[in-house]
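Load the model and keep the selection panel at hand. The stops below go from a local turn out to the whole chain and back to single residues.

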Amino acid sequence: MKFGGHETFHLRDNWLFKGMHMLAKQGDLFSSRDEAIALLGVGTNMVKSIRYWLLATEFAKVVDGQLSSGHIGKLMMTRDPYCDWLGSAWLLHYFLACNKSHATTWFWFFNKFGVSEFTTESAVHYLESYCTLNDKKVNRNTLVKDINTLLRMYVEPAFEGRKTPEDIDICPLTRLSLIDKGVDNTYRLRAPDSDELPVEIFGYTLVQFWTHQLEQSIQFSFDELLKRDCSPTKVFCLNTDQTINLLNRLVEKFPRWFSYKHTGGFFSIEISTKVRGEKLLDRYYGKAN
């Protein structure tokens, strides 16, 4: 479990590209602070923050003490390095919200919190309780910073007092509109319409869930999607009907890889061992060319 680490800077547009490009061309220069500052064009604390977000989104990993490109990072650098496509933002969100070890607050918020309307104070209170249940002592101020950073990443920023929207450093995840800000500093979690989520991206994350959480079971219950951590249903804030709608579209489009059946009131899902998540990404990004 890890809290903080982002230096209170939220993930910004092109930060992942800059970090991944440096890793590919120059290697891990994050420990060589002056070189990283020059190459990335940001200050010392932002260098630390970029390193954190590379790990939090699983774009990078630590191998033998050195930062190197992760699997999803390599995939995205060859398909959409600037995160121009909405599906890329959904993928960023999925890997961030499933990364309990490096982005615990994000994992907790989208898998454990379970509250649709909240304030910053109430979110911090519940997060403190989660830490206590897991015998983790964390400074409350660190949790406040985490919640505030999370909200800046998902809530559409206000442009009052700014000349143009470009004056605000926007996170690519605001495009998902998963959190709305209401009156009296309240926030509401928003369930996206199923057609906002590309079916190929839903399929890719379903394969990730099946592989890493269900150990590639021959078949699994629909309830697993509703209740298990890191399921696309939980992480994408989908309801039951939206999940069924996406499953229908997935089975219709990729019948060789996905299927489901009702037997005696039991709703089960099957995924072929021949499915390849990379092929689903190819199908999605291939539409863009």
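Begin with strand 1 and strand 2, which make a hairpin with 2 residues between them. In that turn, pick Asp64, where phi is positive at about 55°. Strands here are DSSP runs of type E with at least two residues, while helices are H or I runs of at least four, both numbered from the N terminus. This is a predicted model, in which local features need pLDDT of at least 70 and side-chain atom pairs count only at pLDDT 80 or more, whereas totals for chains, interfaces and linings use all residues. Numbering starts from 1 along each chain as its sequence is written, and side-chain values use heavy atoms, with hydrogens and water left out.

Now select residues 60-63 and 66-69, the two strands of the hairpin; they run antiparallel and are joined by 4 bridges. Two strands pair if DSSP finds at least two bridges between them. For one bridge pair, show Lys61 and its partner in strand 2, Ser68.

Zoom out to the whole protein chain. Colouring by secondary structure should bring up 13 helices and 8 strands. The C-alpha atoms fill a box of roughly 60 × 45 × 45 Å along the principal axes. The radius of gyration is 19 Å, which agrees with the value near 19 Å for a compact globule of 289 residues; the radius is taken over C-alpha atoms, and the globule rule is 2.2 Å times the number of residues to the power 0.38.

With a surface shown, the accessible area is about 14,100 Å², and 47% of it belongs to carbon and sulfur atoms. Such areas come from the Shrake-Rupley method with a 1.4 Å probe, and for residues only the protein chains shown count as cover. Of the 289 residues, 47% count as buried, meaning under 20% relative accessible area, with exposed over 50% and partly exposed in between.

Which helix should be selected next for its burial? Take helix 6, residues 104-113: 9 of its 10 residues are buried, so the helix is largely enclosed by the rest of the structure. Among the buried residues are Trp106, Phe107, Trp108, Phe109 and Phe110. Just after helix 6, Gly114 has a positive phi of about 65°.

Next, go to Met1, in the segment before helix 1 (15-26). Met1 is partly exposed, at 33% relative accessibility. The C-alpha atom of Met1 is 7.6 Å from that of Ala103, although the two residues are 102 apart along the chain. Beyond its neighbours within four places in sequence, Met1 is in contact (heavy atoms within 4.5 Å) with Lys100, Ser101, Thr104, Tyr130, Asn134 and Lys136.

In the segment before helix 1, also select Thr8. Phi of Thr8 is positive, about 65°, although the residue is not a glycine. Thr8 is partly exposed, with a relative accessible area of 37%. Most residues other than glycine have a negative phi.

Move on to the loop between helix 8 (140-154) and strand 4 (179-181) and pick Ser177. Ser177 too is not a glycine, and has a positive phi near 50°. Its relative accessible area is 28%, and Ser177 counts as partly exposed.

The last stop is Thr233, in helix 11 (residues 232-235). Is Thr233 buried or exposed? At 4% relative accessibility, Thr233 counts as buried. Leaving aside neighbours within four places in sequence, Thr233 is in contact with Leu225, Leu226, Leu238 and Thr243.

How values were computed:
Buried means under 20% relative accessible area, exposed over 50%, partly exposed in between (1.4 Å probe, protein chains only).
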